[in-house]
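Here are a few exercises to work through with the model open in your viewer. Try each one before reading its solution.

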Amino acid sequence: MIKLIVGLGNPGPEYEDTRHNAGFWWVDEAARLLRTSLQMERSHFGLMARTQVNGQNLWLLEPQTFMNLSGKAVGSLARFFKIQPEEILVVHDELDLPPGEAKLKRGGGHAGHNGLRDIHAQLGSPDYWRLRVGIGHPGNKNEVANWVLKKPSPDDRIAIAQTLDRTLKALPHLIAGEMDKATALIHTSKPPRPKPPRQPKPEAAVKPDQSTEPPGEPAAG
């Protein structure tokens, strides 16, 4: 069962709509669906909510330490409430997936994601669940830092929003630890492929001039 859901992002209005905050967007919606609200909990360095689902305690967390120190909040809360790594789900932006796609996995490396890197270090284990929300890649690794700290294009923002809506349908299964069912909902729905541009219809063949005017003379009228 999942006892702690963490959304990764950066605090402050200047980062609110940037790609790196996709994890915050997801947890904000999860809190709304669960009819709870996140409040600043300074002892755990983040915005936190505690609720119950089917008699089970569930914590939601958005670290307010900036991305590179995300593990400070996660480690603090996990140690205090004795939550094991396999009972934690971290929702984060994923460069290696295009907008519109998401993947669920347990364990593995941090792939250069600084938020995951710090969570690894603070938990002492990579054995937690991750929900990877695609934000696309700029195509040049030197542009990654600027890419994640900028707003997505309108089309990409729509695709990411659709991903959030789809993956949030798996929330009850995620909380219950029904990861096969959650994976089926998250992975099997592919983003719609863009439609090819519509080709212009061929013009109708021009019929021979049926006028009674002599050849070479302009038609009357």
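**Exercise 1.** Work out how far to trust this predicted model, and where to be careful.

*Solution.* Start with the whole chain: the mean pLDDT is 88, and 85% of the residues reach 70 or more. Next, go element by element. Strand β1 (residues 4-7) has the highest mean pLDDT, 98, while helix α7 (residues 179-188) has the lowest of the elements, 92. Finally, check residues 205-221, where pLDDT stays under 50. The model has three contacts beyond four places in sequence for that stretch. Where pLDDT is low, don't read the predicted coordinates in detail.

**Exercise 2.** Find the strands that pair with β5, and decide whether β5 is buried or exposed.

*Solution.* Take β1 to begin with: it pairs with β5 in the parallel sense over four bridges. One place to look is L4, whose bridge partner in β5 is I88. Now turn to β7 (residues 129-134), which also runs parallel to β5, over six bridges. Here L89 stands opposite W129 of β7. As for burial, use the cut-off of under 20% relative accessible area. Seven of the seven residues of β5 (residues 88-94) are buried, so the strand is largely enclosed by the rest of the structure.

**Exercise 3.** Describe the largest pocket: what is its volume, and what lines it?

*Solution.* First the volume, which is about 350 Å³. Of the 20 lining residues, H20, L95, G112, H113 and V144 are the closest to the centre. Then sort by element: β5, α3 (114-123) and α4 (144-148) each give two or more residues to the lining. Last, the chemistry: the lining divides into eight nonpolar, nine polar and three charged residues.

Notes
Residues numbered from 1 in each chain as written. Predicted model: local features only at pLDDT ≥ 70, side-chain atom pairs only at ≥ 80, totals over all residues. Heavy atoms only, no water. pLDDT = per-residue confidence, 0-100. Contact = heavy atoms within 4.5 Å. Buried < 20%, exposed > 50% of the residue type's maximum accessible area, 1.4 Å probe, protein only. Pairing = 2+ DSSP bridges. 1 Å grid on protein atoms, 1.4 Å probe; cavity = no way out; pocket = protein on both sides within 12 Å on 5 of 7 lines; lining within 4 Å. Points joined across faces, edges and corners; volume = space filled by probe spheres on them. Nonpolar A, V, L, I, M, F, W, Y, C, P; charged D, E, K, R; others polar.
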